[in-house]
Amino acid sequence: MTNSRFIPALASLLMLVSCLQTQEFVQDIFVYEPHGSQVSIGQLRQLPPDAVIEDDIYVEGIVTSSDASGNWSQKVVFQDESAGISILADLGSSNQLFPEGSKVSVQCRGMILAQVNGITCLAASVSGEGLQKKAVAIDNRTVRNSMFVVQGGEPVEPAVVGIGELSAS
């Protein structure tokens, strides 16, 4: 009989002592604050190719394509009003982190503006020469520390243009 009174009393005492205030588990919400100078993607593309970006710069743009449809493995393509560019990223399901239509900000310092087979992209490094030249994807951790969604959005509707309306730029 004494055990039947002792166990509930002990259980109640343990719950009272072991309960923590819920405020102790509240984490600060991460708010991304860009640092450095903002440049347009068009300005970024004017930097010397295949060189490490030493300046503390960042670009912002709208994600227009990713690996959602399976066409762009390890790439996130985004654009602003001046140009578009892709970032080679060692990410699986990048469309989950950077959905089409979302506005992203990319801190570019330490990345390479790679130019491979006429395609310009942000990458970790470049290897090889000529037709053997390849851009190397930026590792998962670096991408997650350098690329941030700053605003959600809807997928971008493509503009319909005729062949005469296209330009070389």
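**Exercise 1. Where is the place of Asp50?** Locate this residue in the predicted model, then describe its backbone and its neighbour across the fold.

*Solution.*

Step 1. Asp50 is found in the loop between helix 2 and strand 2.

Step 2. The backbone of Asp50 has a phi near 60°, which is a positive value in a residue other than glycine. For context, most residues other than glycine have a negative phi.

Step 3. A residue is partly exposed when its relative accessible area lies between 20% and 50%. Asp50, at 32% relative accessibility, therefore counts as partly exposed.

Step 4. Val126 belongs to strand 8. Its C-alpha atom and that of Asp50 are separated by 6.7 Å, although the two residues are 76 positions apart along the chain. Val126 has a relative accessible area of 26% and is therefore partly exposed.

**Exercise 2. How many salt bridges does the structure hold?** Identify the partners and state which parts of the chain each pair joins.

*Solution.*

Step 1. The structure holds two salt bridges.

Step 2. One of them is formed by the side chains of Asp50 and Lys133, with an N to O distance of 2.4 Å. Asp50 lies in the loop between helix 2 (41-44) and strand 2 (57-65), and Lys133 in the loop between strand 8 (125-127) and strand 9, so this pair ties together parts that are 83 residues apart in sequence.

Step 3. The partners of this pair fall into separate accessibility classes: Asp50 is partly exposed at 32%, whereas Lys133 is buried with a relative accessible area of 19%.

Step 4. Glu60 and Lys103 also form a salt bridge, their closest N and O atoms being 3.5 Å apart. Because Glu60 lies in strand 2 and Lys103 in strand 5 (residues 103-107), the pair ties together parts that are 43 residues apart in sequence.

Step 5. Glu60 counts as buried at 16% relative accessibility, while Lys103 counts as partly exposed at 27%.

**Exercise 3. Which strands form a hairpin with two residues between them?** Describe the pairing, the turn and the surroundings of these strands.

*Solution.*

Step 1. The hairpin consists of strand 6 and strand 7, with two residues between them.

Step 2. Strand 6 (residues 112-116) and strand 7 (residues 119-123) run antiparallel and are joined by five bridges. Within this pairing, Ile112 stands opposite Ala123, and Gln115 stands opposite Thr120.

Step 3. In the turn, Asn117 has a positive phi of about 50°.

Step 4. Strand 6 is mostly covered, with four of its five residues buried. Strand 7 also has four buried residues out of five, so it is largely enclosed by the rest of the structure.

Step 5. Strand 7 pairs with strand 4 as well, in the parallel sense and over two bridges. There, Ser86 has Cys121 in strand 7 as its bridge partner.

**Exercise 4. Which residues line the second largest pocket?** Give its volume, the elements that contribute to the lining and the classes of residue present.

*Solution.*

Step 1. The second largest pocket has a volume of about 190 Å³.

Step 2. Its lining is made by Lys75, Ser86, Leu88, Val116, Asn117, Ile119, Cys121, Lys133, Lys134 and Ala135.

Step 3. Strand 4 (84-88), strand 7 and strand 9 (134-136) are the elements that give two or more residues to this lining.

Step 4. Sorted by class, the lining comprises five nonpolar, two polar and three charged residues.

Step 5. The list can now be linked to the earlier exercises. Lys133, a lining residue, is the salt-bridge partner of Asp50. The bridge partners Ser86 and Cys121 both line this pocket, as does Asn117 from the hairpin turn.

**Exercise 5. What pattern does the protein follow, read along the sequence?** Summarise its overall make-up, and state which element calls for caution.

*Solution.*

Step 1. The secondary structure comes to four helices and 10 strands.

Step 2. Along the sequence, these elements follow the pattern α-β-α-β-β-β-α-β-β-β-β-β-α-β.

Step 3. Of the 169 residues, 30% count as buried.

Step 4. The mean pLDDT of the protein is 80, and 76% of the residues score at least 70. Among the elements, helix 2 has the highest mean pLDDT (96) and helix 1 (residues 2-18) the lowest (64).

Step 5. Where pLDDT is low, the predicted coordinates should not be read in detail. Helix 1, having the lowest mean among the elements, is the element to which this caution is addressed here.

Definitions and conventions:
Residues numbered from 1 in each chain as written. Heavy atoms only, no water. Buried < 20%, exposed > 50% of the residue type's maximum accessible area, 1.4 Å probe, protein only. Pairing = 2+ DSSP bridges. 1 Å grid on protein atoms, 1.4 Å probe; cavity = no way out; pocket = protein on both sides within 12 Å on 5 of 7 lines; lining within 4 Å. Points joined across faces, edges and corners; volume = space filled by probe spheres on them. Nonpolar A, V, L, I, M, F, W, Y, C, P; charged D, E, K, R; others polar. Salt bridge = Lys/Arg side-chain N within 4 Å of Asp/Glu carboxyl O. pLDDT = per-residue confidence, 0-100.
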